[in-house]
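Reader: Before we go into details, please show me the sequence and the model.

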Amino acid sequence: MDGQYQTGDTVMKNWVLTKKLGEGSFGKVFRIERTDFGETYHAALKIITVPQSESEVQAALEEGMSPEEAERYFYGMVEDIVREFALMAKLKGTAHVVSYEDHEVLHHREGIGWDILIRMEELTPLLAYAYANPFTRRDIIRLGIHICHSLELCQKYNIIHRDIKPENIFVSENGDFKLGDFGIARTVERTMSGLSKKGTYNYMAPEVYKGLDYGFSVDIYSLGLVLYRLLNKNRAPFLPPAPQPITYGGRERALACRMSGEEIPAPCCASGRLWEIVRKATTYQAGDRYSSPGVMRQELEAILYSQEDAAFIYPEGTRWRSRRIFTPPCPGKPERSPRGRRRGRKLPVRRCRKKLPGRKSRKRLPGRRAGKSPSGRRSWGRLPGMEWRKRCLSSAGGSVRRNSEQNPPRTEERRNPAAKGVWLRFYAAVREHL
């Protein structure tokens, strides 16, 4: 199809493109389905076109390449991308890595170009999942544990991912977090020399950014920055706190501060042991970070709590407003200020509490004052607290004592049924006039 794919097209043996899920700098992602014996199967299809446009071919020819040399040049890029399939095949069937199913490479009928089709399991992107399910601290700890599991598996096969970011983390139907997109991953033999520098700058380790030698700790650093962002209301280190706007200059200054070795400030929604784990993972010096993802996973598992323990560990998190640690701004909805109202609109007038069934209204009637109300019921209006309590006790048959001499400490002599009856009548009088 020469790079032109639309919904409704059939690819890879009766798979039909049903919806476009996303598009990046290297390709597109579609949702595909196939019906077989009355059953409908769903999957995701990643399509990468090499080269991306005719301008890339023209630029190669202008550099002095012949058409044959340009074709061999771009075919080398195809071979580089196909290596992703070999890596994903090694990790196939694991719980916390995106499952690779099949692939196909198609040569364009005209000109220089190839289409690379990768079929994999359909999952929900992390940020899209966060829009519908605001994260708690427990969810963020679980995310760190699951990605550490995937990094342990990568370390087993001497694979360094080098592009860990929220866009490459997905969520299954069971709520498990999975690591995907091994497009720039290389084996440790190729990366230890530090010849290649790929990945996203916002989550890149300083040694990769500076072109120094690096190892497995660069993935731990990137994972620590992902956890930091989730714990800091969707803000990376050194960026202005929400809801202040993010500018291009501010993002550049934040990157410069992080690459210069300046100490990262604590996120707004993390403290104690959780912040210590994130801080150690994002240490500037590689030797001061966790020696392996397994060590980091064990420390995260040590602080993982259950839903029943959440109210005791984080008392402020039991209320619905403070329970949601990370809620990214949803596209199409106005941003809310810290007080929970929309900008440019006045706060609504505070209304009276809703009248409950069987409860008398507390609303004052017109002309109500001490003595008798318009309805004939006894009412004392706005009397001082002691005077109001005194009248309630007098109607209940008791009295009010104002000093310590008249109010001795509670003793066995005072604990008698008569005194208890006075207080019961007092509370009944209070309930009557409310």
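Author: A helix here is a DSSP run of H or I with at least four residues, numbered from the N terminus. The model is a predicted one.

Reader: Which helix gives the most to the lining of the second largest cavity?
Author: The second largest cavity holds about 70 Å³ of space. Its lining is made of 11 residues, and R162, Y203, M204, A205 and S222 lie nearest its centre. With three residues, the helix that gives the most to this lining is α7 (residues 217-231).

Reader: How many charged residues are in the lining of the largest cavity?
Author: The largest cavity has a volume of about 90 Å³. Its lining consists of Y201, N202, A236, P237, L239, R251, A254, L255 and R258. By class, six of these are nonpolar, one is polar, and the number of charged residues is two.

Reader: Why is one side of β7 and of β10 left without a neighbour in the sheet?
Author: The sheet is open, and its three strands pair antiparallel in the order β7-β9-β10. β7 (124-125) and β10 (177-179) stand at the edges, so the reason for the free side is that each has a single partner strand.

Reader: Which residue of β10 is the bridge partner of I169?
Author: Strand β9 (residues 169-171) runs antiparallel to β10, and three bridges join them. Within β10, the bridge partner of I169 is L179.

Reader: What angle does the direction of helix α4 make with that of β10?
Author: Helix α4 (residues 137-156) packs on the sheet, where it touches β9 and β10. Its direction and that of β10 make an angle of about 35°.

Key: Residues are numbered from 1 along each chain as its sequence is written. This is a predicted model: local features need pLDDT of at least 70, side-chain atom pairs count only at pLDDT 80 or more; totals for chains, interfaces and linings use all residues. Side-chain values use heavy atoms; hydrogens and water are left out. Two strands pair if DSSP finds at least two bridges between them. Helices (H or I, at least four residues) and strands (E, at least two) are DSSP runs, numbered from the N terminus. Contact means heavy atoms within 4.5 Å. Axes are lines fitted to C-alpha atoms, for helices over the stretch in contact, and angles run from 0 to 180 degrees between N-to-C directions. On a 1 Å grid over the protein atoms alone, a cavity is a set of points where a 1.4 Å probe fits but cannot get out, and a pocket is an open set with protein on both sides within 12 Å along at least five of seven lines; lining residues have an atom within 4 Å of a point. Grid points are joined across faces, edges and corners, and a volume is the space filled by probe spheres set on the points. Ala, Val, Leu, Ile, Met, Phe, Trp, Tyr, Cys and Pro count as nonpolar, Asp, Glu, Lys and Arg as charged, and the others, Gly among them, as polar.
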